[in-house]
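User: Hi! I'd like to understand how the labels for this structure are earned, so please show me the reasoning as we go.

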Amino acid sequence: MLGWLWTIPLAPLAGFLILAVAGLRSRRAIAVIAASLAGLSLVAASIVGLSFMRHPPVGNAFEGTLGTWIQTGGLTIPFGLHLDALSALFTLTVSGVGFAIVVYSIRFMAASEGYGRFFAYMSLFLASMQMLVLADNLLLLYLGWVGVGLCSYLLIGFWYADPVNGRAAQKAFLVTRIGDAAMIVGLILLVTQLGTLCIQPMVARAVSLWPLGSPLATVAAFLMLAGAVGKSAQLPLQTWLPDAMAGPTPVSALIHAATMVTAGVYLIARLHGLFELAPAALAAVAWLGVITLLLASLAALAQRDIKRILAYSTVAQIGYMFLALGVGAWAASLYHFVTHAFFKGALFLGAGILITALNEEHDIFKMGGLRKRLPGVYGAMLLAALTLAALPPLTLTFNSKDLILREVWVSERGGPLLWGLAVAGAFLTALYTFRLMFAVFFGPVRTEPGGKPARLMTVPLSVLAWCGALAGAAELLSAFGGSEGFYRFMALSLPPMTAVRPAGGPLFLQAVSVLVSLAGVGSAYGLYLRWPGLLARLAAFPGTSGLLRFTRAGFGFDTVYDTLLVRPYNWVARVNARDVLDWILERPAAASMALNRILSRTQSGKLRWYAMGVAAGTVILIALTVWL
Amino acid sequence: MILFVLLGMPIVGGLLAWVAGRVAAPSARWVALLSTVVYLAVVAMLWTAAPLELPVPGHWIARTDFPWAPSLGIRFTLMADGISMLLLTLTGVIALVAVAASWRSVTRLVGAYYLTLLWTVAGVTGAFVAMDLVLFYFFLELLLLPLYFLIAVWGREKRRYAAIKFLVCTQAGSLALLVGILGLGYAHDQAFGFWSFNYFDLLRTPLSPAMQLWLMIAFFLGFAVKLPVFGLHGWLPDAHAEAPVGGSVLLASLALKVGAYGFLRFLIPLFPESVRQGGLVVMILAVAGILYGGWQSYGQRDFKRLVAYTSLSHMGFVLLGIFSWTELGLQGAMIGILAHGVGTGALFAVAGMVHERTGTYELARMGGLWARLPRLGGATMALAMASLGLPGLANFVGEFLVLAGVWQAHPALAVVASAGLVVSVIYAMKLIQEVFHGPLAPEVGVIPDAGLRELGLLAGCIAILVWMGLCPGPVLRAGEPALRDLRNGGGAVEASPDWERGAP
């Protein structure tokens, strides 16, 4: 098992090394190497995952230590992997979605230069992401954590010749790095206080040493939260994700929708024991999640670029996951992570096909009527959109959002207020999703698509869409009695939630969320398809266009950060390029030059002056000897 | 005796290279290359001879000792422990990098160039093994003078200004150091009735608090200019920018390390009481250097000046680790010294390679070079990532250990210093963006990508960084006994010892 466990991260790492060092020319060879090693990782993950599910090992975890990384001064950091239900879930999702998207990229990137570089970066990303979710200690997790950030930077700026892409890439790296720096401080706090970074013993020690709500636990949890907020693009560090869409679309699908951006969710779930010691931090998680959800959903509603709509949607959906984490609904949050990885990945892959077919057109209002032209893409995206909007019974996975809503209602940390906000978010979700769908696939054809999409691209798209729509079956089956449900599986590594409020009968909450979703779809139908004049009349109100611009720009966060941080930093760096401290250091030199100029005047060549100087000196010397 | 051989190798090699250069210029390169290879071989022999990993206190693996100026108590004492061994290894690697990096770019006075280069190496070698303070001072001077000539003769347009600035600043520091050393010898004479400059004698010399403070300040000035410590760094960017590639490599990777070594080996053990009082000030200066160096680096418009300021930032981490005087901090500082030596040396070599192809160091005239130089771009990306402390590469291990060590002494300083992680990302990304990304600069013609020599040099450096980043165990274990000795010989800032003992 140790071998298979380590194969999961090391296979794509080998792919990276081969592609980076060998410098292959043949595109076929590059594609085969990248896809087969990503596939090997998927096979290994499946073997390990299945054997874990069929025969859960002692202690409910596989451990695999390969060696020691750092050992000094009482500090030991091993190269160790830890596979429990939580990491099994993540590693399976990452390797599955990752393999599908690597296959999709084979055709998608076919015309681009830097083919080998692209797959090298993708392989490095998969290796880092697997390391992140499998690491048994926080420092190794951090290695994967920064590694995925690096790959995100490299891939957003993949088409490096355009400085816009470069700026987006740097922004993503820098903003997430702010979270990373806080996280490193958190790591150091934890290791100095608890003596280890190995997650299981560390959390156990924290639970035994720190009382509930102790300042150390709170500070540590908040520092970890800062890291999570950066990586998962939550308030106030969400600004990088919409710009990250500058990267190739498969990158947006894999890194900026399905996997990397959910690393923050993983981190909080992984450290749930620590977060439960810090109720303030958990409350912050919930509130940050719900506020991000609402703001990002509104921003998504104001975008015209299809990828930016999906990016804001991702931010919002991760907001749901954070909300669920914050109220202690661990399993519901992870459930939504899995389904989101599939349906959002599918939506992005579909968007990539549309953009390519329409000759790099990103504006959804310049698309239209594509239902008949690209029926396969339409079908898959519709399935994914229904899942995103959570509409039963057209998708089986409606329950992933409903479960979050229900648990927010019943949790001791939740309540009607958070629930109400989350329901409002569900309405907005359905609205912006079907705004996109109606604009792109219905109405008149505005741009004719060129050519049919390749099978290598449509198959991964359909697979992800169907996985997303059917993933809910696991929980549905268990709800109707019988098989082992998702909740039961997650209970192997996460505690169940404590409910304090009656759900009011499951049907009441279920009915509310279905009605809200239907209302969202209906509004989208009315506003964007049936009566388009309504919107025009709405836009005529004074101030609306300004509000729309403000919303489209993501509520001015960029402007604030630009004014307060970026510009002053640049200004000082530019003005001080010659270094004011160097100027100080040069003062002695300048002073001696000045003295030199003064003294050199005395060397005038006039004998009388010299004689007077000698005489004056003699007098002073005699005077000194006499009176001292 | 083997240390004597090690010291003689670059001196003799330099002379031979000079002679060879008078006969035929290219042969000087080969002589220089050969002598650095032999140097590395001797270091390797020392390693195999040394049972360094035994945690025996007071462990010195080699010793050469004979009287030099007996009436003044000056002896020619060379000794090496784990710290010296690590630094000697770095010296050998960097000498190789410097020789290889200047292979094609130096065409004038080739023999004399390699003479100065190798004599600098000799000075560094001596400084790392001298256990008599006057001898240490002698090697310090031996190291600075050839470097001065390297800058003044083979430098760029403003080389005279930069060289004189370098010499005046470092000599002013050295003067303070010399006064300090003489003062210590005098104090020894006062206490024991005879002069001695032997390191171990001086460690035992009792000092009045005032005397200790003044001597500490004198030593501090000497080493602070060389490191350089924040505020005294003005000479650094100029010297780097104007020096030839080999000079920049030696300066960044070796000469600065002598300053760090001085703090570690001499200043703190000799004046523990004063350091305990004033250490916090130095640590604050170190944090200021980390942030200021990174910030300044970002503002530069010249490739080499940008890299030069990153040195200020990285050496800030090293200084911070040393003055934390905790086991983790010291280990982190050692890793930081080695990582910065290899990584920054390689970055300066990259600057030289880019200059050979574009004829400029100005960032504004570069851009988009990835299209022409993908291999060089990939290597630079790896080095830039090392510089910003990517986990898996050596700098990260150093920075993490330093921050953990500093946390034990002063948590607030660790928090502020961690902002350095953000600052470093900004300059590293700027470097990549301005040189390799963006649209291709119009004046760049058809230029060849990195050849075998250049690729080998960079790949070797990156391999060392990866190895130390993933497997720092051997380095940590080699330094451990020596660092423990140092800490037992005198402590600076009290650590919280219970954690070190308590946790597994």
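User: How many residue pairs are in polar contact between chain B and chain A?

Analyst: Happy to help, and please keep in mind that this is a predicted model. The count between chain B and chain A is 19 residue pairs in polar contact, with both residues at pLDDT 80 or more. On the chain B side, helix α16 (residues 411–435) gives the most to the surface that touches chain A, with 11 residues. That side of chain B has 40 nonpolar, 18 polar and eight charged residues.

User: What makes B:Lys165 and A:Glu586 a salt bridge?

Analyst: The label needs a side-chain nitrogen of Lys or Arg within 4 Å of a carboxyl oxygen of Asp or Glu. Here the side chains of B:Lys165 and A:Glu586 meet with N to O at 3.3 Å, so the pair fits the cut-off of 4 Å. The count between chain B and chain A is two salt bridges.

User: How many residues of each chain are in contact, and what is the area buried between them?

Analyst: On the chain B side, 66 residues are in contact with 51 residues of chain A. The area buried between chain B and chain A is about 5000 Å². Carbon and sulfur atoms give 67% of that area.

User: How many salt bridges are there over all chains, and what does the one between A:Asp363 and A:Arg304 tie together?

Analyst: Searching the whole structure finds 21 salt bridges over all chains. In the pair A:Asp363 and A:Arg304, the closest N and O atoms are 3.1 Å apart, so the 4 Å cut-off is met. A:Asp363 lies in the loop between α15 (330–357) and α16 (370–373) of chain A, and A:Arg304 in the loop between α13 (279–302) and α14 (306–326) of chain A, so the pair ties together parts that are 59 residues apart in sequence.

User: What lines the second largest pocket, and what is its volume?

Analyst: About 1600 Å³ of space lies in the second largest pocket. Of the 50 residues that line the pocket, the closest to its centre are A:Lys171, A:Leu174, A:Val566, A:Asn570 and B:Tyr298. Both chains take part: α6 (163–194) and α26 (557–575) of chain A, together with α11 (272–299) and α16 of chain B, each supply at least two lining residues. The largest share, 13 residues, comes from α6(A). By class, the lining of the second largest pocket has 29 nonpolar, 11 polar and 10 charged residues.

User: Why is a space called a cavity rather than a pocket, and which residues line the largest cavity?

Analyst: A space is called a cavity because a 1.4 Å probe fits there but cannot get out, whereas a pocket is open. The structure holds 11 cavities of 30 Å³ or more. The largest cavity has a volume of about 70 Å³, and its lining is made up of B:His314, B:Phe317, B:Val318, B:Gly332, B:Ala333, B:Gly336, B:Asn395, B:Gly398, B:Glu399 and B:Val402. α15(B) gives the most to this lining, with four residues.

User: How many residues of each class line the largest cavity, and how many line the second largest cavity?

Analyst: The lining of the largest cavity has four nonpolar, five polar and one charged residues. Around the second largest cavity, of about 60 Å³, there are four nonpolar, seven polar and no charged residues. Among the residues lining the second largest cavity are B:Thr310, B:His340 and B:Ser387, and α13(B) gives the most, with five residues.

User: How do you know that the peptide bonds before A:Pro236 and B:Pro228 are cis?

Analyst: The omega angles tell us. From A:Leu235 to A:Pro236, omega is near 0°, and between B:Leu227 and B:Pro228, omega is about -10°. A:Pro236 sits in the loop between α8 (215–231) and α9 (240–243) of chain A. B:Pro228 sits in the loop between α8 (209–226) and α9 (235–242) of chain B.

User: What is the phi of A:Phe555 and of A:Asp579, and where do these residues lie?

Analyst: A:Phe555 has a positive phi of about 65° although it is not a glycine, and its place is in the loop between α25 (544–552) and α26 of chain A. A:Asp579, also not a glycine, has a positive phi of about 70°. A:Asp579 lies in the loop between α26 and α27 (580–585) of chain A.

Key. Residues numbered from 1 in each chain as written. Chains lettered and ligands numbered in written order. Heavy atoms only, no water. Contact = heavy atoms within 4.5 Å. Buried area = accessible area lost by both parts, 1.4 Å probe. Polar contact = N/O pair within 3.5 Å; in protein donor to acceptor, adjacent residues only side chain to side chain. Nonpolar A, V, L, I, M, F, W, Y, C, P; charged D, E, K, R; others polar. 1 Å grid on protein atoms, 1.4 Å probe; cavity = no way out; pocket = protein on both sides within 12 Å on 5 of 7 lines; lining within 4 Å. Points joined across faces, edges and corners; volume = space filled by probe spheres on them.
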